[in-house]
Structure formats: structure tokens, C-alpha cells
Amino acid sequence: MGDKTYNEVSEYYGKTLQGSEDLKTNACCTDTDLPEYVKTNLSNIHDEVLARYYGCGLVAPQVLKGARILDLGSGSGRDVYALAQEVGEHGSVVGVDMTDEQLEVANRHIEYHRDKFGYAKANTEFHKGYIEKLDELDLELESFNVVISNCVINLSPDKEAVLKQVWNLLKPGGEMYFSDVYSDRRVPVGLIKDPVLYGECLSGALYWNDFLTLAKDAGFTDPRLVEDRPLTIDNATIEARVAPIKFYSATYRLFKIDNLDRSCEDYGQAVIYKGSVPQHSEKFVLDAHHHIEKGRAFPVCRNTYRMLSESRLAEHFEFVGNGEHHVGIFPGCGEIMPFSALKSDSATSDSASCC
Ligand SMILES: C[S@@+](CC[C@H](N)C(=O)[O-])C[C@H]1O[C@@H](n2cnc3c(N)ncnc32)[C@H](O)[C@@H]1O
């Protein structure tokens, strides 16, 4: 399936589509309310790059100054050029894509953006390659702080390989922060084989629970959902073809941290956000369940504590608790103790049992 899929997807993004308006559905379109600083970054990007944007979510991880970022399926380069402004002149953003036409647009505007951002040297580069075979490119292992991607992994014929490659390229404590399309059930093979449904970022979508399993198998033990929205396909013919499957755009962050707990375990720990991340002075959003208000002790499970203390985010938090005393599963974290409680001290000999 690999080569056929590559050829069809490349044909779709290189020749069939000339711009966002050629898409047949709104699956590959972002409708998130954009923060002001993101709007400013986008206003500095060349129109031709923006016109060929096919992403499905907002890929804007915090704390990027000086970071080295890799964008999988970078297309015409919109997210590369947006984040090139966040990492600054001493950071860098590398894009990888397999489609010549997309790479041509991205490469042609490197100098334009260097000049626009006022940098002495360009901090962006683009490589031709497959995101399942990043090891064939000249990319140093464990050299990236962040790997991003926007509406691409659904198009990959080998999603497991992509996640494994990402694990190898991330620095310890680094993270993959990416938006993609997911389905509420496994998509039937007949739909996966349809090049338009596949190219439109629908039928290649992973069933969300299969994605979680793949991510965990690749080493990302505790995937964190940042935000999600249902996709309204807005095309009656295509909607009828895929019904009753529902599709969602979702942004996940996957931290490369060894030996995270498989569930959220409570060690009585907390974090206090210092309010020091630019553009996020009042609260820090780690994920959909962790909107951490500035200056207020925020109880966390050990995994969250480690994601914040063992990553580039650490300097923006104070950490409370040494993690030596386990007190059970973290309350409200999706899992509860499956055993019924003892009828406490009031248990009588009637209820007692010998086994
Ligand atoms: C939906 S577009 C998204 C492009 C870009 N991320 C954006 O937001 O505009 C998908 C892009 O991923 C690229 N792509 C798809 N599958 C790929 C693969 N297996 N390896 C490398 N690039 C791939 C396509 O060439 C295309 O440019």
C-alpha cells in the first residue's frame, strides 16, 4: 500500500490542489480562534505560502525561544515560518515533505522570510523525504526539542513507523505537538482505498483508541489531548459516503519521558505557575485538563509533574513534593479503583468472610 499511497497523496497535494479553496471538504481547514500573537506571526507570512495551507488545527506549543523544531509534512511551510518567529534567530525549524510542488513553494520563500523577520541568517530549511523514513535524512538523533505536524499523519500508510521515528529524533524531555484527524471507529478498507477521501484527510484517519495504543507502543506512555473539535464535512456527497463515521480534529502532545506511569498516579505533588511564559501570563495550558492558573498551587499526578519538571517548561514552574509517597490513583483522572470500599469499621461478623 505504501508506494501507491505516496503517489496518490503526492499527486493530490502537488497537482490536484492548487490552494485551500480546491479542497472538497473542510476537514483540512483550521477554524480555531487564533491568539493575537499567532495572527501577528501569520501576517508576516507570504501570501503564496498561506494560500497552500491545508492544516487542521493550531500547532502553537509554548516556550520555543532557541528551540530546534521539526515539522512533519510541512507543505508550503506555513507552520515552519510561523514558528521560525517564535524560536528566534538562534533557534531553527526544519520541514520535511515528500511532494516537490509543496517543497518548491516553501523553499522559494526562505529568503523572503529571513528578510521579513530581520534575521542575518535564515533559520528554516526544508528536506524532501518520507516521514516514515526520517532516518534516511541527515537529521541527528535526539536533536529536536519539539516535533510538530499539521494534518499529515492521517495520510501516512505507516503511522506506527512515524511515531517511532519521532521518538528517536526527540531530545529526552522533548515533545511531539501536533494536530490531526481522528475517527470515532475504524474506517473500512473500501473507504481507505478511495484517493479523494484519503487525500481530503478523512479515510486515512486513525480511530482515536488505535492512535492511543500506537502512541503508547512507540514510547509515549501518556498522550495528552490539548483540544479537539468535530469536523463538519460540509459536502453532502462525501458526508453520505463516510456516514455514520464521525471525524474529529484533535491536537495532542506526546512527551518523550522514560518510565512515565501508565495511569495518573498521585504522589501528593503540586506545581505553581510563575506566569513567566510570554503571551501566557495568566495561565498555562498544558492540555485540556490542565489549565494552570498563575500563582496558585495546582495538584498534579506524577506524570504531569514530570512533564513540567523534565522538559523545557521547568523554569516556569515551582514544584512541590518530592514524589516519595504514593497515595493512590489521581482523583478524576479517568480511572477509579475498581474494588468496592470496605464497609469500614462498621463491618460486622455477618459480613466477614474467610476468603
Ligand atoms: C494536508 S497537507 C498539510 C500540509 C501542511 N502541514 C499544512 O498545514 O499546510 C499534507 C502534506 O503532507 C505531505 N505528506 C503526506 N504524506 C507524507 C509522507 N508520508 N511523507 C512526507 N510528506 C507527506 C503532503 O505532501 C502534503 O504536503
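Contact means heavy atoms within 4.5 Å. With that term in hand, let us work through some exercises.

This is a predicted model, in which local features need pLDDT of at least 70 and side-chain atom pairs count only at pLDDT 80 or more, while totals for chains, interfaces and linings use all residues. Residues are numbered from 1 along each chain as its sequence is written, and side-chain values use heavy atoms, with hydrogens and water left out.

**Exercise 1. Find Gly295 and describe its surroundings.**

Step 1: Look in the loop between β11 (290-293) and β12 (298-300), where Gly295 is found. Helices (H or I, at least four residues) and strands (E, at least two) are DSSP runs, numbered from the N terminus.

Step 2: Leaving out residues up to four places away in sequence, Gly295 touches Ile272 and Tyr273.

Step 3: Is Gly295 buried or exposed? Buried means under 20% relative accessible area, exposed over 50%, and partly exposed in between (1.4 Å probe, protein chains only). Gly295 has 59% relative accessibility, so it counts as exposed.

Step 4: Now compare with Ala218, which is 77 residues from Gly295 in sequence and 35 Å from it in space, C-alpha to C-alpha.

**Exercise 2. Do the same for Ser10.**

Step 1: Go to helix α1 (residues 2-16), which holds Ser10.

Step 2: Ser10 has a relative accessible area of 19%, so it is buried.

Step 3: Its contacts, again without residues up to four places away in sequence, are Lys15, Met98 and Thr99.

**Exercise 3. Look at the backbone of Val63, Gln279 and Pro244.**

Step 1: Start with the background: most residues other than glycine have a negative phi, and most peptide bonds are trans.

Step 2: Val63, not a glycine, has a positive phi of about 60°. Its place is the loop between α3 (47-51) and β1 (68-72).

Step 3: Gln279 also has a positive phi, near 75°. This residue lies in the loop between β9 (269-273) and β10 (283-287), and Gln279 is exposed because its relative accessible area is 55%.

Step 4: The peptide bond from Ala243 to Pro244 is cis, with omega near 5°. Pro244 sits in the loop between α11 (236-242) and β8 (247-255).

**Exercise 4. Describe how domain 1 and domain 2 meet.**

Step 1: Set the bounds, which come from an automatic or database domain assignment: domain 1 is 2-255 and domain 2 is 269-320. Their C-alpha centres lie 26 Å apart.

Step 2: Which numbers of residues are in contact? On the domain 1 side there are 14, and on the domain 2 side 18.

Step 3: About 1,400 Å² is buried between the domains, with carbon and sulfur atoms giving 56%. Buried area is the accessible area (1.4 Å probe) that two parts lose on being put together, summed over both. Gln62, Val63 and Arg224 supply 43% of the area that domain 1 buries against domain 2, more than any other three residues.

Step 4: How many salt bridges cross the interface of domain 1 and domain 2? The rule finds two, a salt bridge being a side-chain nitrogen of Lys or Arg within 4 Å of a carboxyl oxygen of Asp or Glu.

Step 5: On the domain 1 side that touches domain 2, β5 (170-183), β7 (224-230) and β8 each supply at least two residues. The most comes from β7, with three residues.
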